[in-house]
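User: I would like to go through this model with a few questions on its strands, its helices and its ligand shell. Please keep the answers short.

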Amino acid sequence: TSSQNATTANGKLIVVANRLPFVLRKNDQTGKWERKASAGGLVTAVAPVVIQGNGLWIGWPGVQLDDPNMPIPESDPSDCTPTAGLRSNQVVAVYVEPQIFDSYYNGCCNGTFWPLFHSMPDRAVFSSDTWKAYAAVNHEFADKTLNALKCLNKEDIEAGAPLVWLHDYHLMLAANTIRNEAESLDLKFKIGFFLHIPFPPWDIFRLFPWADEILQGMLGCDMVGFHIEDYCLNFVECCQRRLGCRVDRKSLLVEHGGRTVRIRPLPIGIPYDRFLQMAHEAPKLISTNQQIVLGVDRLDYTKGLVHRLRSFEALLEKHPEHIGKVTMLQISVPSRTDVKEYQELKEEMDQLVGRINGKFTTPNWSPIRYIYGCVSQMELAAFYRDSAVALVTPLRDGMNLVAKEYVACQINPSPGVLIVSPFAGAGEMMHEALICNPYEIDDAAEVIHRALTMPEDERVLRMNCLRRREKENDVNYWMRSFLKAMGTLITEDGEDVLP
Ligand code: GDG
């Protein structure tokens, strides 16, 4: 199947995610609610399938609505984003009381699961209050999904079993509720889950006091997908050790409640062609004849930003020949700014950038350019294209899309070098990148040095392989792999490609 073929689900696709594929904003002048598009890869890949198959997207609209039953506005006629064709009757906004939402989102999702699943248990807060809020919000999402299933008409169901696709650590309990309640209503459907972050090893996962409920929640699915096989194996082991399930490690199967649940590695990709096109169109923005070492991340403690700055400092100390010739450009997008840990990280970064710049800056050059903020995708494409090195060095990361976007934008005849951490999903499969352990500061400095001095023929060879792989395994391929793993993929020419 070529990646150009339109992908359709055999049966209605109901996507359930914490966020809708756009946020709602009130226009100050007109007082009317409007959609503001989000541009992530998930939206680009999944929204067209929902639109074509007349499916649904259930999620939180990004703001607290004045009225929980408020109709969703239609898209603006000038909207040219992938969600423009999503009609208001294809969108279900989930309303949650602000206090409960805060406890669920900032408390349990970002205060507990985010650090725990990234194997940083010391940062995880365990609280029965936030856990209760998490369960309540999952119940609300499950209710909305059940409602949607109940409202499907006969023709919809005859076309194929509807397909519910749950996303990420925000919704790990919903599948079980949906399955249990749907059974008593005799609703037929398939349900799948995809986790965008790592699934931790048993010895970390077991620290969570309500671990069995999480596993049972996820096992309510027919298929559970993770980025890489390691996360699948961690999950299988947790099911075996915590719930005593019979498992098959080789075929990645877990028996639970008289059913067999399939566990699958489904590594996510990027909208490769879109980044390629942007790389061709983007203006030249970096006005320097220096080599740029680029970092692009949400400001998050999992991304290894402090370690990264220290290794750049070590590079300048150990290899002073780079002073005046190499500049680090770090873009840090503000994230979860109302959480204390993220505010502290911001402080630490500000100080560190100040200290390193104070130490090395000359009248004509500064070592670090630090942007605390968001840049446009076009600007990002320009930075990706014109940087000599991309430093993708998280301490732990489910996949990491920045590594993939960087290689997609490497269109210059003399390409750059990707450095990636082995603790990112991307590090598992981008074999031609330079691998660097972010915890080993001095060694990381040597890897940056090697990248900056790598001969052109080696750079070309490595980059060609990296680019070919990402072009083939783009986000549309991921979407198709999910439908295939669910046994519900049909292609444009009607050909059924059941596994
Ligand atoms: C989670 C998992 C997994 C960044 N700065 C700007 C900007 N970005 C965009 C990038 C990229 C995205 O944000 C970041 O994606 P990552 O994959 O690096 O990280 P998370 O946000 O943590 O995502 C991760 C992913 O889910 C998908 O499953 O890979 O492991 O943690 O697309 O381009 N975009 C714009 N301006 C910026 O300044 N426009």
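User: Which residue in strand 12 does Val224 stand opposite?

Analyst: This is a predicted model. Strand 9 covers residues 223-226 and strand 12 covers residues 259-265; the two run parallel and are joined by four bridges. Within strand 12, the residue opposite Val224 is Ile263.

User: Which helix packs on the sheet and touches strand 9, strand 10, strand 11 and strand 12?

Analyst: The direction of this helix makes about 150 degrees with that of strand 12. The helix spans residues 229-243 and is helix 8.

User: Which are the edge strands of the sheet?

Analyst: The sheet is open, has nine strands with mixed pairing, and follows the order 6-5-2-7-8-9-12-11-10. An edge strand here pairs on one side only, which applies to residues 91-93 and 247-248. These are strand 6 and strand 10.

User: What angle does the direction of helix 3 make with that of strand 5?

Analyst: Helix 3, residues 128-151, packs on the sheet and touches strand 2, strand 5, strand 6 and strand 7. Its direction relative to that of strand 5 is at about 160 degrees.

User: Which element gives the largest share of the shell around the ligand?

Analyst: The ligand is surrounded by 20 residues, with His196, Cys374, Gly398, Met399 and Leu401 the closest. Strand 13, strand 14, helix 12 and helix 13 each supply at least two residues of the shell. The largest share is three residues, and it comes from helix 13.

User: How many residues of the shell around the ligand are nonpolar?

Analyst: Six residues of the shell are polar and three are charged. The nonpolar residues number 11.

Conventions: Residues are numbered from 1 along each chain as its sequence is written. This is a predicted model: local features need pLDDT of at least 70, side-chain atom pairs count only at pLDDT 80 or more; totals for chains, interfaces and linings use all residues. A residue is near a molecule or strand if its C-beta atom, placed from the backbone, lies within 6 Å of it. Ala, Val, Leu, Ile, Met, Phe, Trp, Tyr, Cys and Pro count as nonpolar, Asp, Glu, Lys and Arg as charged, and the others, Gly among them, as polar. Two strands pair if DSSP finds at least two bridges between them. Two residues are in contact if their C-beta atoms, placed from the backbone, lie within 7 Å. Axes are lines fitted to C-alpha atoms, for helices over the stretch in contact, and angles run from 0 to 180 degrees between N-to-C directions.
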